[in-house]
Amino acid sequence: MNWTEDKDILLLKEMGGQGIFHYKAGSRERGAIWQVIASNLTCHKDLFEVTARGVRDRFMLLSRRYKLKTSRELKGSGTGGEELTEYEILIEDMIVLSEESDKKAE
């Protein structure tokens with residue numbers, strides 16, 4: 001499957017709606033929520049046909065890319081001040097929730 005920014009936005013919105021990060025990483029509950037997210041996205045058959053592992057891996061890829069991009073921008077001189085897109089706001093929110101969830105688990 002080819003992911004696009006619109007599909008990523010749907011994924012991120014679904015993650016936020018399901019409250020994925022209320023559960024400990026690696027737990028059965030979080031695994032069940034990943035499955036629900038995949039099922040809900042698969043309802044859009046013309047857009048998606050994904051598995052729980054596929055959506056989890058896609059989020060991990062998105063978060064790594066976004067963290068790398070923002071760290072590069074911070075190191076660069078004079079960049080910034082640009083308005084964030086819906087995609088950037090959603091990914092940033094999900095990353096923050098993920099990190100907070102990991103800290104609670106420790």
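**Helix H3 and its neighbours**

User: In this structure, which helices do the buried residues of H3 pack against?

Analyst: Happy to start there. The buried residues of H3 pack against helix H1 (5-18), helix H2 (28-42) and helix H4 (86-105). Please keep in mind that this is a predicted model.

User: Which residues of H3 are the buried ones?

Analyst: They are Ala52, Val55, Arg58, Phe59, Leu62, Ser63 and Tyr66. An α-helix makes a turn every 3.6 residues, so residues three or four places apart point the same way.

User: Arg58 is on that list. Why is Arg58 called buried?

Analyst: The relative accessible area of Arg58 is 12%. Buried means under 20%, so at 12% Arg58 is called buried.

User: And what does Arg58 touch, leaving aside residues up to four places away in sequence?

Analyst: From its place in helix H3, Arg58 touches Trp3, Asp8, Leu11 and Arg65. Contact here requires heavy atoms within 4.5 Å.

User: How do you know whether the span of H3 fits what is expected at 1.5 Å a residue?

Analyst: Helix H3 covers residues 52-75, which is 24 residues. From its first C-alpha to its last, H3 reaches 35 Å, and the expected value is 34 Å, so the two are close.

User: How many aromatic pairs does a search of the whole structure find?

Analyst: The search finds one aromatic pair. Its members are Phe21 and Phe59, with ring centres 5.6 Å apart and planes at 50 degrees.

User: What makes Phe21 and Phe59 a pair, and why is the pair called tilted?

Analyst: Rings pair if their centres lie within 6.5 Å, and 5.6 Å meets that cut-off. Planes under 30 degrees apart would count as stacked and over 60 as edge-to-face; an angle of 50 degrees falls in neither class, so the pair is tilted.

User: What makes this pair a tie between parts of the chain?

Analyst: Phe21 sits in the loop between H1 and H2, while Phe59 belongs to helix H3, so the pair ties together parts that are 38 residues apart in sequence. Phe21 and Phe59 are both buried.

User: What pattern does the protein follow along the sequence?

Analyst: The pattern reads α-α-α-α, with four helices and zero strands.

User: How much of the protein counts as buried, and how much area does it expose?

Analyst: Of its 106 residues, 33% count as buried. The protein exposes about 7,300 Å², with carbon and sulfur atoms supplying 49% of that.

Notes: Residues are numbered from 1 along each chain as its sequence is written. This is a predicted model: local features need pLDDT of at least 70, side-chain atom pairs count only at pLDDT 80 or more; totals for chains, interfaces and linings use all residues. Side-chain values use heavy atoms; hydrogens and water are left out. Buried means under 20% relative accessible area, exposed over 50%, partly exposed in between (1.4 Å probe, protein chains only). Accessible areas come from the Shrake-Rupley method with a 1.4 Å probe; for residues, only the protein chains shown count as cover. Rings of Phe, Tyr and Trp (its six-membered ring) pair if their centres lie within 6.5 Å; planes under 30 degrees apart count as stacked, over 60 as edge-to-face and the rest as tilted.
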